[in-house]
Amino acid sequence: MTSIHWGGVPIDGGERFGEDSIFVKNFFNKYIGDSRAECEILFNLEAMPYIPRNHPAMAYRGNELTRTKFFFQDSADPDDTLVYKYTGIQWRSTELYVHLRDWKNKNVCDMVDAFNANLSVNGESPGYNHVIGTKYKNERDGIGLHSDKTQSWTPESNVAILSFGADRTFTITNLEGKVEQTFELSCGDLFLLGWKDNMKYKHGILAAKEPCGPRVSLCFRNIEEIWGKEQLTAKIEASDRARDQRAARKAEKKAAAEAEKAAAEVYVYAAQLADGVGVNLFL
Ligand SMILES: O=C(O)CCC(=O)C(=O)O
């Protein structure tokens with residue numbers, strides 16, 4: 001069983017899940033506590049670099065997300081960017097990353113430092129250097145079942161999910177989608193999802209029926225993949241070109257299908273004329 005400590009002492013009262021995960025109620029108040037930080041994250045949009053969900057770089061496969069996000073990254077060289085690659089990522093979204101140490105409000109910065117100084121998983125600091133804040137404005141917002149994509153992570157690292165605001169259900173299923181367990185995440189709770197359980201299960205915050213207020217989660221990760229400024233700009237431009245080419249191919253295919261359909265209709269019409277079938281030109 002994975003050992004999980006805070007300040008050298010086993011985390012008190014945590015509920016273990018799977019092989020390497022733990023759920024800790026009221027973690028924030030117990031270990032990090034700062035009610036001002038909590039309020040700023042939740043209610044003061046100006047305090048956090050939220051990106052409007054209708055921003056073109058935030059669309060997922062052409063659709064608006066049912067959540068609003070911000071990104072912090074903590075590269076050693078401020079010109080570099082630590083990129084978390086996930087399915088459907090738009091490379092343009094990396095331009096909206098904010099360097100954790102540059103942001104005017106230090107509350108998330110303090111949390112990263114507290115985690116890295118005090119948390120240990122199997123004797124190692126988590127080394128968090130990337131944070132995604134996600135706001136679910138009401139019960140209709142959510143994130144579907146998925147396993148986090150770990151290709152850009154430091155191998156065998158975990159994700160810490162800290163909750164603020166309204167209670168929401170964190171659903172864990174097997175890879176076929178059968179529910180294994182649900183956890184009610186309340187303000188201040190921590191779910192530490194280990195890399196083994198991330199591979200073995202899916203997780204998500206599914207849209208709920210009961211009305212609820214806003215919830216914000218902070219996901220702390222340890223990202224290994226680092227991009228220099230020029231390299232990242234070239235990648236963004238290449239990905240824009242690839243997207244435009246895909247759109248052009250799609251439009252071409254659509255136009256060809258429409259032309260084929262119109263030609264078929266002309267053919268039927270001509271055949272009807274040849275057969276002497278009455279054709280009503282006004283239909
Ligand atoms: O908001 C949460 O609790 C979960 C977020 C999540 O699963 C993700 O961003 O991958």
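In strand β15, H203 is the bridge partner of H146. That pair is a good place to enter this predicted model. H146 belongs to a short strand, β10 (residues 143–146), which pairs with β15 in the antiparallel sense over 2 bridges. A further strand also pairs with β15: β12 (residues 168–174), again antiparallel, over 5 bridges. Here T171 stands opposite G204 of β15.

How many of the 5 residues of β15 are buried? The count is 4, so β15 is largely enclosed by the rest of the structure.

Strand β15 also leads to the ligand. H203 and I205 are among the residues around the ligand. The others there are I132, T134, I143, D148, I161, F170, S217 and C219. Three elements give two or more residues each to this shell: β9 (130–136), β15 (201–205) and β16 (215–221). What kinds of residue make up the shell? It divides into 6 nonpolar, 3 polar and 1 charged.

Next comes the nonpolar interior. In soluble globular proteins, nonpolar side chains tend to be buried together. In this model, the largest nonpolar core has 40 residues. Which members touch the most other members? They are V112, A160, L190, F191 and F220. Strand β11 (residues 159–165) gives the most to this core, with 5 residues. Apart from it lies another core, of 6 residues. V83, Y84, I223 and W227 are among its members.

Look more closely at F191. Leaving out residues up to four places away in sequence, F191 touches F23, I161, F170, F183 and L185. Two of these names have come up before: I161 and F170 are also found around the ligand.

Now move to Q73. This residue is found in strand β5 (residues 68–73). Is Q73 buried or exposed? A residue counts as buried if 20 or more other C-beta atoms lie within 10 Å of its own. Q73 has 23 C-beta neighbours inside 10 Å, so Q73 counts as buried. Which residues does Q73 touch, not counting residues up to four places away in sequence? The list is T81, L82, Y97, H99, L100, N129 and H130. Take L100 from that list. Q73 and L100 are 27 residues apart along the chain, yet their C-alpha atoms are separated by 5.5 Å.

Contacts between distant parts of the sequence can also be counted for the protein as a whole. Take the contacts between residues at least 6 apart in sequence. Of these, 75% join residues at least 24 apart.

There is also an open sheet of 3 strands, in the order β2-β1-β8, with antiparallel pairing. Which strands form its edges? They are β2 (9–10) and β8 (119–121), and each pairs on one side only. Strand β1 (residues 4–6) pairs with β8 over 3 bridges, in the antiparallel sense. Within this pairing, H5 stands opposite S120 of β8.

Finally, step back to the whole protein. Its secondary structure comes to 5 helices and 17 strands. Why is the protein called more spread out than a compact globule? The globule rule gives 19 Å for 283 residues, and the radius of gyration is 24 Å, well over that value, so the protein is more spread out than a compact globule. The C-alpha atoms fill a box of roughly 90 × 45 × 35 Å, taken along the principal axes. Of the 283 residues, 29% count as buried.

How values were computed. Residues are numbered from 1 along each chain as its sequence is written. This is a predicted model: local features need pLDDT of at least 70, side-chain atom pairs count only at pLDDT 80 or more; totals for chains, interfaces and linings use all residues. A residue is near a molecule or strand if its C-beta atom, placed from the backbone, lies within 6 Å of it. Ala, Val, Leu, Ile, Met, Phe, Trp, Tyr, Cys and Pro count as nonpolar, Asp, Glu, Lys and Arg as charged, and the others, Gly among them, as polar. A nonpolar core is a set of buried Ala, Val, Leu, Ile, Met, Phe, Trp, Tyr and Cys residues joined through C-beta atoms within 7 Å. A residue is buried if 20 or more other C-beta atoms lie within 10 Å of its own, exposed if 12 or fewer, and partly exposed in between; C-beta atoms are placed from the backbone. Two residues are in contact if their C-beta atoms, placed from the backbone, lie within 7 Å. Two strands pair if DSSP finds at least two bridges between them. The radius of gyration is taken over C-alpha atoms; the globule rule is 2.2 Å times the number of residues to the power 0.38.
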